[in-house]
Amino acid sequence: MNVVMIGSGYVGLVSGACFSEFGANVICVDKDESKINALLNGEIPIYEPGLDDLVSRNVKESRLSFSLDLKEAVAEADLVFIAVGTPTRRGDGHADLKYVYAAAEEIAGYLTGYTVIVDKSTVPVGTAREVCRIIKKANPAAEFDVASNPEFLREGSAIGDFMRPDRVVLGVESERAEALLRELYRPLNLIEAPIHVTNLESAELIKYASNAFLATKISFINEMSQLCEKVGADVHSVAKGMGLDGRIGKKFLHAGPGYGGSCFPKDTLALIRIAQEHGVSSRIVESVVEVNASQKARMVSKIREALGGSESDKVIAVLGLTFKPETDDMRDSPSLAILPAMADKGAIIKAHDPEGVKEARKLLPESIQYMDNIEDAIKGADAIVLMTEWNQYRGLDLDRVKSLMKGNVFVDLRNVYERSMMESHGFIYTCVGR
Ligand code: UDX
């Protein structure tokens, strides 16, 4: 089976590599010449555990290749996936679809024989139908179907999520398209991964509703964490007690500095806009977004309070900058809200992150210093702020850390450590909701 993946960004590259691992012949196409050249030279433009091995193995076995030539790739394809970016449009919160529609228009002219065009990008409800209209208009003779196959990949564990999914969602409107997509995903039958087949609009909405629901769980527990702090409850214990109820589930109930990343912030905003356009209110999702913003702001106050009321001229070691561990992605990371607020008030910030520094430099104030190793960040610090729960920060040698610092304030925004242990090592310890 011949598959073309348009867009060699995060989703396109992971999906393309995984489909080739399933046995399909995959060509990943991108307009960015430097990206394609890098991939042809065996360089992976993003950090995702396991992706380099997966790509090199499938390239070596000639099932995966990279190209700038969309025309040639599409002519031979059974399935063409659109996995281009859909960033939030400046000003109005809408997902910007110009790259999706441009791809559709371009594919239209190159189709030969029956082809299924599949939306993989997260797109508003109605986009697949619009893609269909664009292709029909541009090439009335084309023999094709359009399908929607949203991705549910978490950064840092995307390959595992692809290979062992909770479900595969297929929005299709013809038996022929369904059969081709089922054939592509056939290797997952072995592990009995559920394939949920539905119509185009439902598939598109499943993606937004899933992400908004997960974001709701996080904002809910973050709101509870504030109450826990006031009443003397422990948010870990509250989350565990709630999560043991199978109807609630224990996942996605970790209190922290607020959610970030490439999906939750963008998709919650887009869902609100979609609802508005259809005259429907989305009060829950609006609150989720608001609670997330206030959680980030609350972290700034928390750090200030831990420092005795002012961060001015205090040396703060920040451990972790990315929105979560095992990624170099800085998009909408809570650190982008928290660090500038502290720097504005005169904090001297020394930051460390295993993978995110290159991106962080572009997005954070110039005054922030980046340290190559944890000890250099900690040396002489009045306080440590643990921002992202990278493994490197989970097992710190606490006596050594304490001896390197000037002060003894430890603000743990991911609840990695236990208060009693931190206090026994002489830290003034602050965390979230405990
Ligand atoms: C998410 C979805 O999980 C995935 O299915 C979708 O396709 C893309 O968006 P991702 O953004 O990679 O994946 O990361 P995820 O692990 O879901 O975490 C998102 C954010 O929520 C992170 O900032 C994380 O720190 C935060 N989070 C997650 C919490 O604060 N508490 C939790 O309990 C879980």
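Which residues are the closest to the ligand, and how many surround it? I looked this up before anything else in what is a predicted model. I counted 18 residues around the ligand, and I noted E155, H254, C263, K324 and R414 as the closest.

**Entry: the ligand and its shell**

I sorted the shell around the ligand by class and found nine nonpolar, three polar and six charged residues. I then asked which element gives the largest share of this shell. The answer is helix α9, residues 200-231, which supplies three residues.

I next looked up single polar distances from oxygen atoms of the ligand. For G260, I recorded 3.0 Å between a ligand oxygen and a polar backbone atom. For L253, a polar backbone atom lies 3.3 Å from an oxygen of the ligand. For E151, the partner is an N or O atom of the side chain, and the distance to a ligand oxygen is 3.5 Å. I also noted the area: the ligand taken alone exposes 660 Å², of which the protein buries 92%.

**Entry: S225 in helix α9**

I returned to helix α9 to examine S225, which is found there. Is S225 buried or exposed? Its relative accessibility is 0%, so I entered S225 as buried. Its side chain reaches the backbone oxygen of N222 at 2.6 Å. Leaving aside residues up to four places away in sequence, I listed V235, A255, Q295, R298, V432 and G433 as the residues that S225 touches.

**Entry: helix α10**

V235, one of the residues touched by S225, led me to helix α10, residues 235-243. I found its buried residues to be V235, A239 and G243. Why do these residues line one face of the helix? Seen down the axis of α10, they fall within an arc of 65°, and therefore they line one face. I set beside this the general rule that an α-helix has 3.6 residues a turn, so residues three or four places apart point the same way. I also looked up what covers the buried residues of α10, and the cover includes α9. At the start of α10, I noted that a side-chain oxygen of D234 comes to within 2.8 Å of the backbone nitrogen of H236.

**Entry: K266 in helix α11**

K266 has its place in helix α11, residues 264-277. I found its relative accessibility to be 17%, and because buried means under 20%, K266 counts as buried. The side chains of K266 and D267 are joined by a polar contact of 3.5 Å. Apart from residues up to four places away in sequence, K266 touches T86, P87, T88 and T122.

**Entry: M5, A17 and D53**

I placed M5 in strand β1, residues 2-6. At 0% relative accessibility, M5 counts as buried. I listed what M5 touches, not counting residues up to four places away in sequence: G12, S15, G16, F19, I27, C28, V29, F81 and A83. I also looked up the C-alpha distance from M5 to A17 and found 9.8 Å, with their positions twelve residues apart in sequence.

A17 also served as a reference point for D53: their C-alpha atoms are 9.9 Å apart, and the two are 36 residues apart along the chain. D53 is found in helix α3, residues 51-60. Its relative accessibility of 52% puts D53 among exposed residues.

**Entry: positive phi at E326 and N415**

Which phi value does E326 have? I read a positive phi of about 60°, although E326 is not a glycine. E326 is found in the loop between β9 (315-319) and α13 (335-344). I entered E326 as partly exposed, at 27% relative accessibility.

N415, likewise a residue other than glycine, has a positive phi near 50°. I located N415 in the loop between β13 (409-412) and α17 (419-424). Its relative accessibility is 5%, so N415 counts as buried.

Conventions. Residues numbered from 1 in each chain as written. Predicted model: local features only at pLDDT ≥ 70, side-chain atom pairs only at ≥ 80, totals over all residues. Heavy atoms only, no water. Near = heavy atom within 4 Å. Polar contact = N/O pair within 3.5 Å; in protein donor to acceptor, adjacent residues only side chain to side chain. Areas by Shrake-Rupley, 256 points an atom, 1.4 Å probe, with all protein chains shown as cover. Helix = DSSP H or I, 4+ residues; strand = E, 2+ residues; numbered from the N terminus. Nonpolar A, V, L, I, M, F, W, Y, C, P; charged D, E, K, R; others polar. Buried < 20%, exposed > 50% of the residue type's maximum accessible area, 1.4 Å probe, protein only. Arc of directions from axis to C-beta. Contact = heavy atoms within 4.5 Å.
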